[in-house]
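I opened my notebook to record what I looked up in this structure. The entries follow the order in which I examined it.

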Amino acid sequence: MTVTVRVADIQDAEVLADIAGETFPLACPEPLDPQDIADHISQELSPSRFRADLAPGSGIATFVLVVDGVSAGYATLRVQRPPVPVAAARPIEILRFYIRQAFHGQQHAPVLMNALLERARSSDHDLIWLGTSVINERAKRFYAKHGFVEAGLKSFMVGSVEATDVVMVRTPV
């Protein structure tokens, strides 16, 4: 089995949107309406949104997890301060981190996470952070295994519903 992580380019927009459409609903809390989830996917995780994110100068870096030639997941980094107080001069956010369900439990996610941590280190960031649903226990356990600790909460909109994420940080990177 060959597992690699590569930097995404503009030609990956369609496959990234496909992965996002498959994986985002898996991470959504139960009370969200399926139409709100579908609307969020069509607005925030569309091929055109990924093309914008992948364009030079966007400030976003996206990585594709490839398992035996199949795009199995992706993750996105952006330079962004967390919405909670932290002592960091150069924080970076894991904006998205998704693995197709068919690849869950096969130890591929740590490969993707390690690539993100290495990118943050090599770019001299002193803190890496992310948000994940307050009720997504599996994700919180995964991030904790990689050195992230809970630092607060943040809210965001999914359609017409306000969702709450726990903010998790890791320092040093």
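**A bend in a helix**

I looked first at helix α1, which bends by about 30° at glycine 21, and proline 25 follows within four residues. The bend is the angle between axes fitted to the seven residues ending at a residue and the seven starting there. Helices (H or I, at least four residues) and strands (E, at least two) are DSSP runs numbered from the N terminus.

I noted that this is a predicted model, in which local features need pLDDT of at least 70, side-chain atom pairs count only at pLDDT 80 or more, and totals for chains, interfaces and linings use all residues. Residues are numbered from 1 along each chain as its sequence is written, and side-chain values use heavy atoms, without hydrogens and water.

I checked the confidence: the protein averages a pLDDT (the predictor's confidence in each residue, from 0 to 100) of 93.

**Surroundings of α1**

I asked which residues of α1 are buried (under 20% relative accessible area, 1.4 Å probe, protein chains only). They are Ala13, Leu16, Ala17, Ile19, Ala20, Thr23 and Phe24. I found that these buried residues pack against α2, α3, β2, β3, β4 and β6.

**The sheet**

I traced an open sheet of seven strands in the order β1-β2-β3-β4-β5-β7-β6, with mixed pairing; two strands pair if DSSP finds at least two bridges between them. The edge strands are β1 and β6, each pairing on one side only. I recorded that β3 and β4 run antiparallel and are joined by six bridges. Leucine 77 has isoleucine 94 in β4 as its bridge partner.

Methods: Buried < 20%, exposed > 50% of the residue type's maximum accessible area, 1.4 Å probe, protein only. Contact = heavy atoms within 4.5 Å.
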